[in-house]
Amino acid sequence: QWTDLGTYYYRYYTDEDRKHRVKYVVEPEAWQNLEDDPEVDDPLWESDDKLAQYASWSLTYNSSGQLASRKALGGGQVTYSYQTGYTGPDPNTGQKC
């Protein structure tokens with residue numbers, strides 16, 4: 001017997017620079033709230049602006065295609081930065097590179 005865990009919905013960027021990268025994540029409780037919204041006919045066809053009101057997470061990317069930020073519904077935002085090259089200790093000598 002299958003157990004219904006709800007609907008997880010992922011919307012992706014469609015522009016060439018960010019194609020195939022996740023834009024919004026809607027978790028089951030948020031999806032149900034979206035479906036229950038009387039202004040929503042079909043959640044799959046809602047605008048990004050409307051979907052953003054329900055998205056559990058919204059994601060942005062930097063010009064290199066790396067995740068730049070993750071914002072939670074209701075507030076909290078995490079930003080990411082990246083560093084090229086390894087700056088830790090040399091695995092052979094233990095000395096800093």
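Let me begin with Asp-37, which in this predicted model is a buried residue, its relative accessible area being 9%. Asp-37 has a salt-bridge partner in Lys-50, and the closest nitrogen and oxygen atoms of the two are 3.1 Å apart. In terms of the chain, this pair links distant parts, since Lys-50 sits in helix H2 whereas Asp-37 sits in the loop between H1 and H2, 13 residues apart. Lys-50 is buried as well, because its relative accessible area of 11% falls under the 20% cut-off.

Lys-50 also has a salt bridge with Glu-39, where the side chains meet at 3.1 Å, N to O. Glu-39, like Asp-37, belongs to the loop between H1 and H2, so this second pair ties helix H2 to a part of the chain that is 11 residues away in sequence. As for exposure, Glu-39 counts as exposed, because its relative accessibility is 62% and the cut-off is over 50%. While we are in this region, I would add that Val-40, once its neighbours within four places in sequence are left aside, is in contact with Leu-34, Glu-46 and Lys-50.

Now to the other charged site I want to show you, which is centred on Arg-11. This arginine lies in strand S1, residues 9–12, and with a relative accessible area of 10% it is buried. Its side chain meets that of Asp-48 in a salt bridge, at 2.8 Å, N to O. Here too the pair links distant parts of the chain, with Arg-11 in strand S1 and Asp-48 in helix H2, residues 48–52, and the two positions 37 residues apart. Buried or exposed, or something in between: what is Asp-48? At 25% relative accessibility, Asp-48 counts as partly exposed, because that value lies between the 20% and 50% limits. By the rule used here, the count comes to 5 salt bridges, and those that share partners join Arg-11, Lys-23 and Asp-48 into one network.

The surroundings of Arg-11 deserve a moment too. Leaving aside neighbours within four places in sequence, Arg-11 is in contact with a list of residues that includes Lys-23, Tyr-24, Pro-43, Leu-44, Asp-48 and Leu-51. Of these, Leu-44 is 33 residues from Arg-11 in sequence, yet the C-alpha atoms of the two are 9.0 Å apart in space.

Which side chains of S1 point to the face that Arg-11 points to? Side chains alternate along this strand, so that Tyr-9 and Arg-11 point to one face and are buried, while Tyr-10 and Tyr-12 point to the other and are not buried. S1 pairs with S2 in the antiparallel sense, over 4 bridges, and within that pairing Val-26 of S2 is the bridge partner of Tyr-9.

Both Tyr-9 and Val-26 bring us to the nonpolar interior, as they belong to the largest nonpolar core, which has 10 residues, among them Trp-31, Leu-34, Val-40, Leu-51 and Tyr-54. Strand S2, residues 22–26, and helix H1, residues 28–36, each supply at least two residues of this core, and the largest share, 3 residues, comes from H1. There is also a second, separate core of 5 residues, which includes Val-22, Val-25, Leu-59 and Tyr-61.

To close, I would come back to helix H2, which holds both Asp-48, the partner of Arg-11 in strand S1, and Lys-50, the partner of Asp-37 in the loop between H1 and H2.

Definitions and conventions
Residues are numbered from 1 along each chain as its sequence is written. This is a predicted model: local features need pLDDT of at least 70, side-chain atom pairs count only at pLDDT 80 or more; totals for chains, interfaces and linings use all residues. Side-chain values use heavy atoms; hydrogens and water are left out. Buried means under 20% relative accessible area, exposed over 50%, partly exposed in between (1.4 Å probe, protein chains only). Contact means heavy atoms within 4.5 Å. A nonpolar core is a set of buried Ala, Val, Leu, Ile, Met, Phe, Trp, Tyr and Cys residues joined through side-chain atoms within 4.5 Å. Two strands pair if DSSP finds at least two bridges between them. A salt bridge is a side-chain nitrogen of Lys or Arg within 4 Å of a carboxyl oxygen of Asp or Glu.
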